[in-house]
Amino acid sequence: MSTIGKKEFWFVVGSQHLYGEEALAEVKAHAQTMTDALNESGVLPYPLVLQDLAVSADKITSIMKEVNYRDEVAGVITWMHTFSPAKMWIRGTKLLQKPLLHLATQFNESIPWATIDMDFMNLNQSAHGDREYGFINARLKKQNKVVVGYWERPEVQQEIAKWMDVAVAYNESFNIKVARFGDNMRNVAVTDGDKIEAQIQFGWTVDYFGIGDLVQYVNAVKDEEVDDLFAEYANLYEFDYGTYSKEDWEKSVKVQARYEIALKRFLDDGGYNAFTTNFEDLYGMKQLPGLAVQRLMGQGYGFAGEGDWKTAALDRLLKVMSHNQSTGFMEDYTYELAVGQESALQSHMLEVDPTLASNKPKIIVSPLGIGDREDPARLVFDGKAGDGVVVSMADFGTHYKLLINEVSAFEPTVPAPKLPVARVLWNIKPNFQDGVKAWIENGGGHHTVVSLNLTTDQIITYAKLVDLEYVDIR
């Protein structure tokens, strides 16, 4: 995730010259106090930088132009300390191309009834200013976020923090580059899509490469590099030799180590932060990348199988949004339908994201059964427990649609000694029958991205920013 770079947010405080320089100095002092306290709270994931007071159309327009120009600025947080006539905001707000949050708060928590006078009323009229400012954003159809509440309260700061994560992901969406090794799995519908429209709407670049392009990188990896990475595996994971000899097992695992080095080198050389593979296209490769892919997902690269570039890009997007915490590519496999236990088993052929692991993963080698290649190594573990959200992107020909479903993941209590892949279990909301029915009726795919770190509100905030139709199932 280090490729994102340092980000910051600008704090723009609205007022006007009507109240005089003495009042504006107090507004500036209040704004500085708030900025310092918010930065020192430890809640915000990115720093807040106070700007000059927004007291004229020219000043507002200048600030917003600068926001667009500076790559390190991920968005704007506005606060109306006093009444700030909204006509001043029209030009600047129309020009703003980055996410906007309107913080509806005030400097003082309570009304000082014993001392309140008209000077206090004129200076502290956020309630007045909020409505004027809110009107112009609604009139301009600006998909801004509104957070309401006293700025020192932890729950308000948490709302701001979650929006910051969405805003950074929105900006990074335009830097998502997906490398496709081979094409989509033959005869599968949901994994395909319009790449041009995805680049226009979401900023995603999707490039095709023949598997031979990757094989060249694989062949260039030195044995010493493989041995060093294998030693790293020994420190991080349990080794389960199963029925294989130690020699054969290590040979298989080192193939994956070679793939990991080659994949990472290929992606980094081309500036790619997401990728897909396809078990139907493995010419020149001994195994389908399994452990190698899991390791790269753990480092923050987006991924999806069978050439599903949409889900790979979505995976990268949500990894940025979640700081790569408990977020990864997933696939619906099979159901538990016993009364009172209805749930879904999520997994994949090999590539289950280790950021979802609840226990120390172990490396095993096992036949794949498809792809007609050598037995590949993979990480096996049980998934974490926690409330989260599962998301799927579908191309309906005329438009893209995002399916969002809240889930409650739980750790398995029954062993599965013959299952050679990682497993994640969750209950579907609002309940199994209605959740599954709504997902199917709305065209949700079997490839998804799940996050036990993000919320439905964050996903919807992003969808609105890119004018994306969404279905909220919960």
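In this predicted model, helix α1 comprises the 20 residues from 21 to 40, which at 1.5 Å a residue should span 28 Å, and the end C-alpha atoms of α1 are indeed 28 Å apart, so the expected and modelled values agree. The buried residues of α1 are A23, L24, V27, H30, A31, M34, T35 and L38. Seen down the axis of α1, these buried residues fall within an arc of 135 degrees, and they therefore line one face of the helix. The face turned away from this buried side carries the exposed residues E21, E22 and E40. On the buried side, the residues of α1 pack against the strands β1 (8–14), β2 (48–50), β3 (73–80) and β4 (100–104), and also against the helices α4 (118–123) and α6 (154–173). Just after α1, G42 adopts a positive phi of about 80 degrees.

Farther along the chain, an unreviewed UniProt entry lists residues 177–324 as "domain: L-arabinose isomerase central". In the model this span is 53% helix and 12% strand, and its end C-alpha atoms lie 17 Å apart.

Under "binding site", the unreviewed UniProt entry lists E306, E331, H348 and H447. Although these residues are spread over 142 residues of sequence, they cluster in space, the largest C-alpha distance being 11.5 Å. E331 is found in strand β11 (residues 327–336), and its relative accessible area of 9% lies under the 20% limit, so E331 is classed as buried. Not counting residues up to four places away in sequence, E331 touches E306, L345, Q346, S347, H348, H446 and H447. H447, which is located in strand β18, likewise counts as buried, because its relative accessibility is 2%. Among the contacts of H447, leaving aside neighbours within four places in sequence, are T191, E306, E331, H348 and S392. In addition, the side chain of H447 makes a polar contact of 2.9 Å with the side chain of D308.

Strand β18 (residues 447–451) also pairs with strand β15, in the antiparallel sense and over 3 bridges, and within this pairing V390 stands opposite V450. Strand β15 (residues 386–395) is itself mostly covered, since 7 of its 10 residues are buried. A further 10 bridges join β15 to strand β16 (residues 400–410), and these two strands run antiparallel, with G388 having V407 as its bridge partner in β16. The hairpin of β15 and β16 has 4 residues between the strands, and in this hairpin G397 takes a positive phi near 90 degrees.

Definitions and conventions. Residues are numbered from 1 along each chain as its sequence is written. This is a predicted model: local features need pLDDT of at least 70, side-chain atom pairs count only at pLDDT 80 or more; totals for chains, interfaces and linings use all residues. Side-chain values use heavy atoms; hydrogens and water are left out. Buried means under 20% relative accessible area, exposed over 50%, partly exposed in between (1.4 Å probe, protein chains only). Two strands pair if DSSP finds at least two bridges between them. UniProt positions are given in the numbering used here, feature names are shortened, and annotations may be inferred rather than shown by experiment. The expected span of a helix is 1.5 Å times one less than its number of residues. The arc is that of the directions from the helix axis to the C-beta atoms. Contact means heavy atoms within 4.5 Å. A polar contact is a pair of N or O atoms within 3.5 Å; within protein, one must be able to donate a hydrogen and the other to accept it, and residues adjacent in sequence count only if both atoms are side-chain atoms.
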